Amino acid sequence: MTGSEVRPARRRRRWPWVLGISIVLICGLLVAAEAAARSIVPGIVRAAVLTAAHLPASQELDVEVPGLLVPQLITGRLGEVRLSSDAVTVDGVTGAIDATVAGVPLGDGPLGAVKGSLTIGQDSFGQLLKGAAIPVTGVALQAPDATVQGEVSVFGRAIPIGLTVTPGIQDGDVLLTPVSASLAGAQVDLQRLAATLGGLGQTLAAPQRLCIADRLPKGVTLTGLRVEGRQAVVDFTADGRITVDAALRAKGTCPR
């Protein structure tokens with residue numbers, strides 16, 4: 001090549017820069033879309049839950065949707081929704097609720113698995129025992145048992161009675177398994193309780209099942225009840241069709 005020859009100028013490759021800028025723009029759009037979804041979707045879910053549960057709009061309810069929201073919105077279903085509240089009242093029983101709902105549709109349709117727990121104090125635990133053989137005047141919780149205070153009539157005289165039970169759930173009913181008892185402040189064994197109070201004593205000395213189906217929607221089932229410290233924890237599940245089947249939202253019934 002002679003000195004008079006001129007080399008053609010090399011063109012700079014611009015496509016890597018263009019690709020890089022495009023990727024940055026796409027990532028920015030995705031981040032913005034995710035942020036927008038995070039600011040909107042929990043509020044929509046919260047409103048839907050309050051309406052379905054017949055709770056007031058002022059009800060405190062935290063909603064958390066794990067994972068990236070945008071891909072879930074594209075599929076039309078949220079993979080999982082976590083609900084929590086420090087104080088929610090269900091048929092006179094107030095407690096802190098923590099629930100997980102899988103497969104939440106963005107439109108009409110049934111839910112996936114629903115499970116959760118309600119943590120209640122001593123007063124609310126007493127409300128849970130409405131209909132028990134002993135008229136409840138007070139409750140003391142100390143894991144793993146609950147001591148129920150009340151009065152019974154013996155020869156026309158009101159006698160204070162205390163019954164310590166281990167609570168649980170059997171086939172959706174509250175199950176109270178007696179551990180010990182007291183009459184007029186004196187400890188008595190369960191056999192003596194049964195002998196002293198006749199038919200009532202025999203009932204109190206044996207496990208009691210309390211049906212509360214008439215206080216719950218048909219689509220909700222209690223699965224566990226235990227005392228932790230000085231609180232009681234009620235575990236429950238719900239039929240995912242409860243959002244589309246009015247019959248499952250109606251109160252259940254108890255055998256007479």
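Helices (H or I, at least four residues) and strands (E, at least two) are DSSP runs, numbered from the N terminus. The exercises below use these element names on a predicted model.

**Exercise 1. Where does P144 lie, and what is the peptide bond from A143 to P144?**

Step 1. Find the strands on either side: β5 covers 136-142 and β6 covers 145-154. P144 is in the loop between these two strands.

Step 2. Read omega for the bond that joins A143 to P144. The angle is near 5 degrees, and the bond is cis.

**Exercise 2. Describe the chain as a whole: its elements, burial, contacts and surface.**

Step 1. Count the elements. The protein chain has 5 helices and 12 strands.

Step 2. Take the burial. The chain has 256 residues, and 34% of them count as buried.

Step 3. Take the contacts with a separation of 6 or more. Residues 24 or more positions apart account for 47% of these.

Step 4. Take the surface. About 15400 Å² is accessible, and carbon and sulfur atoms hold 57% of that area.

**Exercise 3. Which residues of the largest nonpolar core touch the most other members?**

Step 1. Take the members of this core, which number 36. Those with the most contacts to other members are I120, F125, L128, I161, V174, L183 and L193.

Step 2. Note that a second core of 14 residues lies apart from this one, with L61, L69, L78 and V81 among its members.

Step 3. Follow one residue of the larger set. Beyond four places in sequence, V174 touches L128, L129, G168, I169, Q208, R209, L210, I212 and L225. L128 appears in this list, and L128 is also one of the residues with the most contacts inside the core.

Step 4. Set this against a general rule. In soluble globular proteins, nonpolar side chains tend to be buried together.

**Exercise 4. How many cavities of 30 Å³ or more does the structure hold, and what lines the largest cavity?**

Step 1. Search the whole structure: 1 cavity reaches 30 Å³ or more. The space in the largest cavity is about 40 Å³.

Step 2. List the lining. L129, A132, I134, V136, V148, L163, V165, L176 and Q208 line the largest cavity.

Step 3. Sort the lining by class. It has 8 nonpolar residues, 1 polar residue and no charged residues.

Step 4. Link the lining to the previous exercise. L129 and Q208 belong to the lining, and V174 touches both L129 and Q208.

**Exercise 5. Is each of T164, S117 and S124 buried or exposed?**

Step 1. Recall the cut-off: buried means under 20% relative accessible area.

Step 2. Apply it to T164, in strand β7 (residues 157-170). T164 counts as buried because its relative accessibility is 15%. Apart from residues up to four places away, T164 touches D145, A146, T147, T177, P178, V179 and S180.

Step 3. Apply it to S117, in strand β4 (residues 114-120). With a relative accessibility of 17%, S117 is therefore buried. S117 touches A96, I97, D98, V233, V234, D235 and F236, residues up to four places away being left out. S117 and A99 are 18 residues apart along the chain, and their C-alpha atoms are separated by 6.3 Å.

Step 4. Apply it to S124, in helix α3 (residues 122-128). Its relative accessibility is 11%, so S124 counts as buried. Not counting residues up to four places away in sequence, S124 touches V93 and T94.

**Exercise 6. Place the loop residues D171, A184 and L111, and classify each by accessibility.**

Step 1. The cut-off for exposed is over 50% relative accessible area, with partly exposed lying between buried and exposed.

Step 2. D171 is in the loop between β7 and β8 (173-183). Its relative accessible area is 66%, so D171 is exposed. D171 is not a glycine, yet has a positive phi of about 50 degrees.

Step 3. A184 sits in the loop between β8 and β9 (186-188). At 56% relative accessibility, A184 is exposed as well. A184 also has a positive phi, about 55 degrees, although it is not a glycine.

Step 4. L111 lies in the loop between β3 (93-105) and β4. L111 counts as partly exposed because its relative accessibility is 21%. Leaving aside neighbours within four places, L111 is in contact with V101, A102, G103, V104, P105, G240 and T243. L111 and A238 are 127 residues apart in sequence, with 9.4 Å between their C-alpha atoms.

Definitions and conventions
Residues are numbered from 1 along each chain as its sequence is written. This is a predicted model: local features need pLDDT of at least 70, side-chain atom pairs count only at pLDDT 80 or more; totals for chains, interfaces and linings use all residues. Side-chain values use heavy atoms; hydrogens and water are left out. Buried means under 20% relative accessible area, exposed over 50%, partly exposed in between (1.4 Å probe, protein chains only). Contact means heavy atoms within 4.5 Å. A nonpolar core is a set of buried Ala, Val, Leu, Ile, Met, Phe, Trp, Tyr and Cys residues joined through side-chain atoms within 4.5 Å. On a 1 Å grid over the protein atoms alone, a cavity is a set of points where a 1.4 Å probe fits but cannot get out, and a pocket is an open set with protein on both sides within 12 Å along at least five of seven lines; lining residues have an atom within 4 Å of a point. Grid points are joined across faces, edges and corners, and a volume is the space filled by probe spheres set on the points. Ala, Val, Leu, Ile, Met, Phe, Trp, Tyr, Cys and Pro count as nonpolar, Asp, Glu, Lys and Arg as charged, and the others, Gly among them, as polar. Accessible areas come from the Shrake-Rupley method with a 1.4 Å probe; for residues, only the protein chains shown count as cover.
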